[in-house]
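Work through the exercises below with the sequence and the model at hand. Each task is followed by its solution.

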Amino acid sequence: MEFKKKTIKELATSSSMRFLLFGGKGGVGKTTCAASTAIWIAENTDREVLILSTDPAHSLSDSFAQDISGGEVVPIQGIKNLSGLEINPQKEFKKYQNSIQAGDIEVPQELQMFGDFQDFQSLTPPGSDEALAFSKVLEFIQTPDYDFIVFDTAPTGHTLRLLSLPEVLNSFFGKLLRFRMKMGQIWGKIKTLFKKKGAEDEEDQLAALNHMKEIVENANRELTNENRTSFIIVMIPELMAIYETERLLSLLLEYEIPVSNIFINMIAPPNPHCTFCQSRHTMHLRNLNQIREIYKDDFYLTEIPLYQTEIRGIPALREFSKFIFQ
Ligand SMILES: Nc1ncnc2c1ncn2[C@@H]1O[C@H](COP(=O)(O)OP(=O)(O)O)[C@@H](O)[C@H]1O
Ligand SMILES: [Mg+2]
C-alpha cells in the first residue's frame, strides 16, 4: 500500500486533514512534538484544534504547564482555538460504574437478599476501562466541534489495535457491549418479573450494538484515509529505536494507517570542549545516517536537536515548533 508523501506543513495546512497521531516509545518526545504541532496549527491556520492524550502516562499538563487532567476538555490558556483533553480510563470507568449504579440497574429490594447485586465491579470484564477510553476517542472522532485533532498516543500502539473492527468487537468493546447486553437481559428479566417489561429493552441493546459498530467502522474509515489522517512516528537516534520504529511501522501498515513523517528527536549537538558530549554526538550522527538510509525514500524526516533544558510551557513549545515547521 502506497501513500502520497506529505510534509508536516502540508498535512497541517491541508483543509481536508483532520487527524494527526503522534506515536513512538515512551520518553522520545511524543507529547512535546504533539503539543507544539497543535500550537502551530492553532496559531497558523483558522481551524479549531483539540489535542487529545490517550497515553495513560499523561504529560499534556506538564508540557503546557497547565492543569488539564480533569477529564474534561479545557481551553489552553494563551492559545486561541486550542483545547486539550487527557482521557483518564480510570475516571471514565468510575463514571460508567456510577451510571450503572445510579440509573441503569436498580435492584429491587425483594431481590437484594439473593446476592450482592450492588457489586457490579466484579461483573465487569477486564479491559473495560480501555474500552471506555476508546469509546471516548470515538466520540471525538465523530464530533463536529473540532476541525483538527492532534492525538498524543500511548507507546504500545493500543490506540491502533483498538481500531481493527473485528478485534474491537471481540475484545474490549465487545466485552463491554456484551456485558451491557447481558446486564440488560438480566435486568429485563427482573423487570418482566416485577414490572412486566423487558423485550423492548433487549432490542434497544441490540440497536446500540449496531450503532456502535457503525461508529467504529466510520472511525476506521476516517483513520485509514490519507486525506484525513496521518501518523507521525517520533524516535531518537539510537539503534534500539530503529527496531521499535520497524515494529510500529508494521503495525501501522497492518491497520492501513497512513504515515509519511518520522521525527528524529533529541539529537546530541557537537561540543568540542566535552569528550562525553562529543562522543554522544558522533554516535548520534552515525545512527542518524543509518536512519536516513533506511527511511529517506519513503518518509519525510525531521531532525530535532537535544535542547539544554526540557521543553515546558507555551513559549518553549512554540520555539520547538520552529524545528518542526521550518
Ligand atoms: N529535543 C528535546 N530536547 C530536550 N528535551 C526534550 C526534547 N524533546 C523532549 N524533551 C523533554 O523530554 C521529556 C520527555 O518528552 P515527552 O514529550 O514527554 O516524551 P513522551 O511523550 O514521548 O513520553 C520531557 O521532559 C521533554 O520536555
Ligand atoms: Mg507523553
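**Exercise 1.** Find which of the residues around ligand 1 come nearest.

*Solution.* Start from the shell: 18 residues surround ligand 1, a residue being near if one of its heavy atoms lies within 4 Å. Of these, Gly27, Lys30, Thr31, Thr32 and Tyr307 come nearest. The model is predicted; local features need pLDDT of at least 70, side-chain atom pairs count only at pLDDT 80 or more, and totals for chains, interfaces and linings use all residues. Residues are numbered from 1 along each chain as its sequence is written, chains are lettered from A and ligands numbered from 1 in the order in which they are written, and side-chain values use heavy atoms, with hydrogens and water left out.

**Exercise 2.** Sort the shell by class and by secondary structure.

*Solution.* By class, the shell has seven nonpolar, eight polar and three charged residues; Gly is counted as polar. Next, assign elements (DSSP runs; helices, H or I, have at least four residues and strands, E, at least two). Both α2 (30-44) and β7 (259-267) supply at least two shell residues, and the largest share, three residues, is from α2.

**Exercise 3.** List backbone polar contacts (N or O pairs within 3.5 Å) of ligand 1 with Val28, Gly29 and Lys30, then state how much of the ligand is buried.

*Solution.* Oxygen atoms of ligand 1 lie 3.2 Å from a backbone N or O atom of Val28, 3.0 Å from a polar backbone atom of Gly29 and 2.8 Å from a backbone N or O atom of Lys30. Alone, ligand 1 exposes 560 Å², of which the protein buries 81% (Shrake-Rupley, 1.4 Å probe).

**Exercise 4.** Which parts of the chain does the salt bridge between Asp62 and Arg312 link?

*Solution.* The closest N and O atoms of this pair are 3.9 Å apart, inside the 4 Å limit between a Lys or Arg side-chain nitrogen and an Asp or Glu carboxyl oxygen. Asp62 is in helix α3 (residues 60-64), and Arg312, 250 residues apart from Asp62, is in the loop between β8 (300-305) and α13 (314-325).

Note on methods: A polar contact is a pair of N or O atoms within 3.5 Å; within protein, one must be able to donate a hydrogen and the other to accept it, and residues adjacent in sequence count only if both atoms are side-chain atoms.
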